[in-house]
Each structure stands twice: as structure tokens, then as C-alpha cells.
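Here is a short briefing for a first look. Start with the overall build, then turn to one strand and its neighbour.

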Amino acid sequence: MDKIAFITGATSGFGKAAAKRFAEDNWSLVLSGRRIERLLDLKEELTVPVHVIQLDVRDADAVKQAIDSLPAEFSSITALVNNAGLALAPEGSPDVDLKDWHTMIDTNVTGLVNVTHALLPTLIKNGAGSSIINVGSIAGQWPYPGSHVYGASKAFVKQFSYNLRCDLQGTGVRVTDLSPGIAETEFTLVRTKGNQTASDSLYQGTTPLSAEDIAEQMFYIATLPEHININRVEVMPTRQAWSAFAIDRD
């Protein structure tokens with residue numbers, strides 16, 4: 001097994017689509033997520049070697065234990081897809097439950113560094129051609145009302161990716177911040193805590209990105225010639241662009 005991808009948040013959305021795309025090219029897969037039944041169902045769909053882990057990336061000890069105890073045939077990871085993450089609390093900052101802010105920080109920031117730190121020795125050992133793909137967001141670059149901690153956490157992803165790339169110079173390990181725009185997944189359902197109407201209205205009348213669109217970008221980044229590093233990819237659907245500045249008027 002010379003091509004092994006570790007994908008976090010593989011139970012749905014970008015992570016699930018990434019698993020299917022990498023499997024098409026006969027990569028072996030380590031898939032993690034909190035909903036083990038979904039992981040097992042996905043494993044049954046795929047025709048490549050798959051190891052599944054029920055894992056909450058926010059738990060540093062559990063992350064380290066899971067990675068340290070990988071079966072030998074899955075232990076030599078060559079691509080890490082840090083996909084686990086979420087948005088909560090679309091309301092403005094004054095109305096947010098503080099627990100939602102903490103959950104976003106713990107998942108989008110702490111979870112990402114937990115997994116990255118645990119896999120760095122393996123990726124460095126494998127060297128040239130290995131990849132770390134961190135899923136950011138356009139919210140990490142462009143502010144909008146209701147983004148508050150979500151956008152800030154994705155700005156962390158961007159800067160962490162840049163800084164990590166500096167520290168890994170000379171190891172051959174590539175680092176990319178992949179930042180999607182609006183994409184139709186379970187994202188808004190999670191953000192609104194199950195409000196299907198809100199989710200449907202967000203995507204109604206337009207053509208958002210799909211999970212498969214982003215998975216294709218992940219695969220492309222991971223399979224570039226080993227001398228090429230893409231620092232950041234910002235991907236929007238053609239029908240999405242930036243808004244004008246908000247101006248308060250009397």
C-alpha cells in the first residue's frame with residue numbers, strides 16, 4: 001500500500017465524497033468520524049482496503065491512540081485530509097450561545113491540530129509527495145454577518161496551513177488550504193440544528209458546489225507531481241461572488 005489517505009469527517013459531505021474519489025484511484029483509506037454506522041456503510045460501498053475509526057477529533061488523547069494503533073497495513077499515511085469541521089449559530093454574535101462558539105473552536109481549530117500533530121511524524125517519514133489538505137472556507141478570507149467564530153476558525157486554518165508549510169520546508173510534505181464557497185451538503189442543516197427549510201432556501205434558485213466538486217479538488221492536489229505545492233485554493237460556484245460593503249444609514 002503506497003497510497004493511503006486519512007480522511008476526517010468521512011461520514012458525510014466532502015469527506016464521504018473524498019473517500020469515494022480516492023477509492024476510484026485505488027487508494028487505501030483510513031476514514032474517521034463520530035457516526036460509526038455511516039462509516040461502516042461507506043466501507044461496504046468501497047472496493048479498496050478501508051479502516052474505519054469512530055473518533056472525535058477534539059479529543060487529543062483519542063486521536064493519538066487511534067493513530068498509534070493503526071494496523072500496519074494502514075499506518076503509512078501519505079495524504080491527510082483534515083475535513084472534520086462545522087459551523088453553528090448563524091445568528092449575530094450578541095445572540096449566540098457561547099457553547100456554540102466553543103464547539104466550533106474545539107472542532108475546527110483544536111481538532112485539526114490534534115490530527116495534524118499526531119500524523120506529522122508519519123508524513124515526514126514518507127516525505128516527498130505526501131500531502132496535508134486542510135479544508136478551510138471562503139469565510140476565512142471574506143467576512144459576512146453571522147460568520148463570527150466560524151470565519152475566524154477558518155482564518156486559523158489558512159494561516160496554520162501557511163505556517164506549517166514553512167516548518168515543513170525540506171521534508172517534501174505539501175500543505176494546502178482548500179477553501180470552498182457555498183456548497184450543498186449537510187452543512188446548513190448542522191448549522192441551523194436541523195432546519196431543513198433554512199437549508200433548502202439557501203440553495204434554492206442557484207447552482208452551488210457539490211461535495212463531489214470539492215472531492216475532485218482534494219484528489220487533484222494529492223496527486224500532483226511531488227515537486228508541486230498548491231498553497232491555497234479558493235473555489236466558488238460561478239454564481240457566487242462577493243457582496244458590496246455594508247453601510248449603516250440614518
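A residue counts as buried when its relative accessible area is under 20%. By that cut-off, both faces of strand S2 are covered. The model is predicted.

**Overall build**
- The chain holds 8 helices and 7 strands.
- Its radius of gyration is 18 Å, close to the 18 Å that the globule rule gives for 250 residues, so the chain is as compact as a globular protein of that length.
- Along the principal axes, the C-alpha trace spans about 65 × 40 × 35 Å.

**Contacts and cover**
- Of the chain's 250 residues, 48% count as buried.
- Take the contacts in the chain with a separation of 6 or more: residues 24 or more positions apart account for 69% of them.

**Surface and charge**
- About 12500 Å² of the chain is exposed, and carbon and sulfur atoms supply 51% of that area.
- The chain carries 21 positive and 29 negative side chains.
- The centres of these two sets lie 2 Å apart.

**Strand S2 and its partner**
- S2 covers residues 28–33, and 6 of its 6 residues are buried.
- In a regular strand, side chains alternate between the two faces of the sheet.
- On one side of S2, Ser28, Val30 and Ser32 are buried.
- On the other side, Leu29, Leu31 and Gly33 are buried too.
- Strand S1, residues 4–7, runs parallel to S2, and 4 bridges join the two.
- Phe6 stands opposite Val30 of S2, and Val30 is one of the buried residues.

Notes. Residues are numbered from 1 along each chain as its sequence is written. This is a predicted model: local features need pLDDT of at least 70, side-chain atom pairs count only at pLDDT 80 or more; totals for chains, interfaces and linings use all residues. Side-chain values use heavy atoms; hydrogens and water are left out. The radius of gyration is taken over C-alpha atoms; the globule rule is 2.2 Å times the number of residues to the power 0.38. Buried means under 20% relative accessible area, exposed over 50%, partly exposed in between (1.4 Å probe, protein chains only). Contact means heavy atoms within 4.5 Å. Accessible areas come from the Shrake-Rupley method with a 1.4 Å probe; for residues, only the protein chains shown count as cover. Lys and Arg count as positive and Asp and Glu as negative; His and the chain ends are not counted. The place of a charge is taken as NZ of Lys, CZ of Arg, CG of Asp or CD of Glu. Two strands pair if DSSP finds at least two bridges between them.
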